[in-house]
Amino acid sequence: MILKITQYGNPVLRVKCRAIEDVNEDVMQLADDMIETMVDANGVGLAAPQVGKEVRMAVVDVSHDPDCVSFLRVNGEDVDMKDIMPLVFINPQLELEGARESESEGCLSIHDIQANVRRPSMVKATLTQLDGSVMELESDGLLARALQHEVDHLNGILFVDRISPAAKVSIKRKLRRLGVK
Ligand code: NI
């Protein structure tokens, strides 16, 4: 089922989401619905608060561009991107590595705004899967960026919080039009 995507100004986007302790039917259904919603919206990622749920789960799919990373390892082994996408994960933990790089980002909850965000170029992510197994994922490029963007959502942080003050000035009016401040 395609869910309604919450938009900038909705307080649910500012909540620190709670961990998922029990992967029950509702969580499984939510995961399916989030993938369907992300695909329908042509997004590369979607976090639970973006569909109004205050839990630590997100989905990511960057397989439209297998060259968007220079390496991808799962549990220490090189893997094909298509074998792990779409990626569904709960209670993620990230270790950030590498120099910070600036790239353009957008968000399904913030219409019509793109801005450059500086983020560390590599991540080591500990991602719990719905079956309880834990995936240690290491990568860079768009996947590293998408993981950081989605984990930010689980902590109530939006990409516009991370842009430079100068860039913020230029989008301030647009943001105000979208709702808050
Ligand atoms: Ni987003």
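Donors, as the word is used in these legends, are N, O and S atoms within 2.8 Å of the metal, and water is not among the atoms, so a site may look incomplete. Every view is taken from a predicted model.

**View 1. The nickel site and its three protein donors.** The nickel ion is coordinated by SG of Cys107 together with NE2 of His149 and NE2 of His153, at 2.1 to 2.3 Å. Read along the chain, the donors of the nickel ion follow the spacing C-x41-H-x3-H. Two of these donors join distant parts of the chain, since Cys107 belongs to strand S5 (residues 87-107) and His149 to helix H3 (residues 141-154), with their positions 42 residues apart in sequence. Cys107 and His149 are both buried.

**View 2. The largest pocket and the residues that line it.** The volume of the largest pocket is about 360 Å³, and of the 20 residues in its lining, those closest to its centre are Val44, Glu105, Gly106, Cys107 and His149. Cys107 and His149 are therefore shared between this view and the nickel site, where they serve as donors because each places an N or S atom within 2.8 Å of the metal. Strands S5 and S6 and helix H3 each supply at least two residues of the lining, and the largest share, six residues, comes from H3. By residue class, the lining divides into seven nonpolar, nine polar and four charged residues.

**View 3. The largest nonpolar core, with Leu87 picked out.** This core has 23 residues, among which Leu87, Leu137, Leu143 and Leu147 touch the most other members. Strand S2 (57-60), strand S3 (72-74), helix H2 (81-84), strand S5, strand S6 (110-128), strand S7 (134-140) and helix H3 each supply at least two residues of the core, and H3 gives the most, with five residues. When neighbours within four places in sequence are left aside, Leu87 is in contact with Ala58, Val59 and Val60, with Leu127, and with Met135, Leu137 and Leu147. A second core, separate from this one, is made up of 18 residues, including Leu3, Ile5, Ile20 and Ala48.

**View 4. Two buried residues of helix H3, Asp152 and Ala144.** Asp152 lies in helix H3, and Asp152 counts as buried because its relative accessible area is 7%, against a limit of under 20% for that class. Beyond its neighbours within four places in sequence, Asp152 is in contact with Arg119, Ile157 and Arg162. Ala144 is also found in helix H3, and at 1% relative accessibility Ala144 is buried too. With neighbours within four places in sequence again left aside, the contacts of Ala144 are Ser121, Met122, Val123 and Ser139. Cys17, which is 127 residues from Ala144 in sequence, lies 21 Å from Ala144 in space, C-alpha to C-alpha.

**View 5. The surroundings of Ile113 in strand S6.** Ile113 is found in strand S6 and is buried, its relative accessible area being 2%. Leaving out neighbours within four places in sequence, the residues in contact with Ile113 are Glu105, Gly106, Phe159, Val160, Ile171, Lys174, Leu175 and Leu178. One of these, Leu178, is 65 residues from Ile113 in sequence, while the two C-alpha atoms are 10 Å apart in space. Glu105 and Gly106, which appear among these contacts, are also among the residues closest to the centre of the largest pocket.

**View 6. Backbone geometry at Pro86, Asn91 and Asp112.** Most residues other than glycine have a negative phi, and most peptide bonds are trans. The peptide bond from Met85 to Pro86 is cis, with omega near -5°, and Pro86 is found in the loop between H2 and S5. Asn91, whose place is in strand S5, has a phi near 45°, a positive value in a residue other than glycine. Asn91 counts as partly exposed because its relative accessibility of 22% falls between the limits of 20% and 50%. Asp112, found in strand S6, likewise has a positive phi, of about 65°, although it is not a glycine. Asp112 is exposed, because its relative accessibility of 65% is over 50%.

Notes. Residues are numbered from 1 along each chain as its sequence is written. This is a predicted model: local features need pLDDT of at least 70, side-chain atom pairs count only at pLDDT 80 or more; totals for chains, interfaces and linings use all residues. Side-chain values use heavy atoms; hydrogens and water are left out. Donors are N, O and S atoms within 2.8 Å of the metal (3.2 Å for Na, K and Ca); water is not among the atoms, so sites may look incomplete. Helices (H or I, at least four residues) and strands (E, at least two) are DSSP runs, numbered from the N terminus. Buried means under 20% relative accessible area, exposed over 50%, partly exposed in between (1.4 Å probe, protein chains only). A nonpolar core is a set of buried Ala, Val, Leu, Ile, Met, Phe, Trp, Tyr and Cys residues joined through side-chain atoms within 4.5 Å. Contact means heavy atoms within 4.5 Å. On a 1 Å grid over the protein atoms alone, a cavity is a set of points where a 1.4 Å probe fits but cannot get out, and a pocket is an open set with protein on both sides within 12 Å along at least five of seven lines; lining residues have an atom within 4 Å of a point. Grid points are joined across faces, edges and corners, and a volume is the space filled by probe spheres set on the points. Ala, Val, Leu, Ile, Met, Phe, Trp, Tyr, Cys and Pro count as nonpolar, Asp, Glu, Lys and Arg as charged, and the others, Gly among them, as polar.
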